[in-house]
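Visitor: I'm new to this, so could you walk me through the structure below?

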Amino acid sequence: MSPDRSSPRQTRVLAVSNQKGGVGKTTTAINLGTALAAIGEKVLIVDMDPQGNASTGLGVPRETRRITIYDVIVDGRSVDDSAVETSVPGLHIIPADSDMSGVEIELSQADRRSYRLRDALQGQGRDGHTRYDYVLIDCPPSLNLLTLNAMAAADAVLVPLQCEFFALEGLTQLMKTIEMVRQSLNPSLEIQGLVLTMYDRRSTLSGQVAADVRSHFGDKVYDAVIPRNVRVAEAPSFGKPALIYDLKCAGSQAYLKLAREVVARERQRRLQPA
């Protein structure tokens, strides 16, 4: 399945976010980005988490992270300067490191402190570098200045949702955050979709959570469901996306399906009258 290049389009920015930790945000950002690149899209992942797990999971060693998202947010370095190639053709990443932990203090008095990432992304591609089709922002699992920068910069939010008991409770909190961002920073922010992660088909609870989420959110929930999968869990320790580590595993195939759904939703959105 190849993307439609019949008409030019702007970069689409998706924040991969859930304020609850351990739901598969970074795994989703890495593998969705890889899957989008595999079907012909040009993709940038922005690692906004001070832990830098997306960078590690894509094989960017800490000692080589000379320009990071910190330099973009705090010092105004460009996206083109800071993005580095990964082992996946068509996939770049702006890495993160622990310096990001101090951003909130350093920008406490700065102008446009919540729009630093948005301003940087709007400038990308102007100096002849490749303009990306998709930017995926891997958000930290908390509501702080980094998350607000991500949502202020995003066109839409993609929500990974673990199939476990407290899933809907955490989702309620995220919806309140999105509404707050709409009112104060980014009126056009929307929800691109919710993806069910860590699904265990042997578990009655997983099935019940999936059914509850679909009854609440209807067609906002992707058909693709990401299963619990040992190969997906192993891949980051080798600095590889699951699709490179084991393309045929169930998790990799689920992320390919998710990528096709994301692209299909974006095509449908562009066809709708303004």
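Here is a short chat about the sheet, some salt bridges and a few buried and exposed spots.

Visitor: What kind of model is this, and how are residues numbered?
Guide: It's a predicted model, where local features need pLDDT of at least 70 and side-chain atom pairs count only at pLDDT 80 or more, while totals for chains, interfaces and linings use all residues. Side-chain values use heavy atoms, with hydrogens and water left out, and residues are numbered from 1 along each chain as its sequence is written.

Visitor: Which strands sit at the edges of the open sheet?
Guide: Strands and helices here are DSSP runs, numbered from the N terminus (strands E, at least two residues; helices H or I, at least four). Two strands pair if DSSP finds at least two bridges between them. The open sheet has 8 strands in the order β3-β4-β2-β5-β1-β6-β7-β8, with mixed pairing. Each edge strand pairs on one side only, and those strands are β3 and β8.

Visitor: Does β4 pair with β2 in the parallel or the antiparallel sense?
Guide: Strands of a sheet pair through backbone hydrogen bonds, either parallel or antiparallel. With β3, β4 has 2 bridges in the antiparallel sense, and Glu 85 stands opposite His 92 there. With β2, Ile 45 has Ile 93 of β4 as its bridge partner, and the 4 bridges of that pair run in a sense that is parallel.

Visitor: Which residues of β4 point the other way from Leu 91 and Ile 93?
Guide: In a regular strand the side chains alternate between the two faces of the sheet. In β4 (residues 91-94) all are buried, meaning under 20% relative accessible area (exposed is over 50%, partly exposed in between; 1.4 Å probe, protein chains only). Leu 91 and Ile 93 point one way, and the other way point His 92 and Ile 94.

Visitor: Which residue forms a salt bridge with Arg 12 at 2.7 Å?
Guide: A salt bridge is a side-chain nitrogen of Lys or Arg within 4 Å of a carboxyl oxygen of Asp or Glu, and the structure holds 8 of them. This one links strand β1 with helix α12 (residues 250-271), so it ties together parts that are 254 residues apart in sequence. Both partners are buried. The partner of Arg 12 is Glu 266.

Visitor: How many residues apart are Arg 231 and Glu 234 in their helix?
Guide: Their side chains meet in a salt bridge (3.1 Å, N to O). Arg 231 is partly exposed at 32%, and Glu 234 is partly exposed too, at 28%. Both lie in helix α10 (residues 230-234), about one turn of the helix from each other, a spacing in residues of 3.

Visitor: Is Thr 11 buried or exposed?
Guide: Thr 11 is found in the segment before β1. Its side chain reaches the backbone oxygen of Tyr 132 at 2.6 Å, a polar contact (N or O atoms within 3.5 Å; within protein, one must be able to donate a hydrogen and the other to accept it, and residues adjacent in sequence count only if both atoms are side-chain atoms). With a relative accessible area of 14%, Thr 11 is buried.

Visitor: How many residues of α7 are buried?
Guide: At the start of α7, a side-chain oxygen of Asn 144 reaches to within 3.1 Å of the backbone nitrogen of Leu 146. Among the buried residues are Leu 145, Asn 149 and Ala 153. The helix is mostly covered, and its buried count is 9 of 9.
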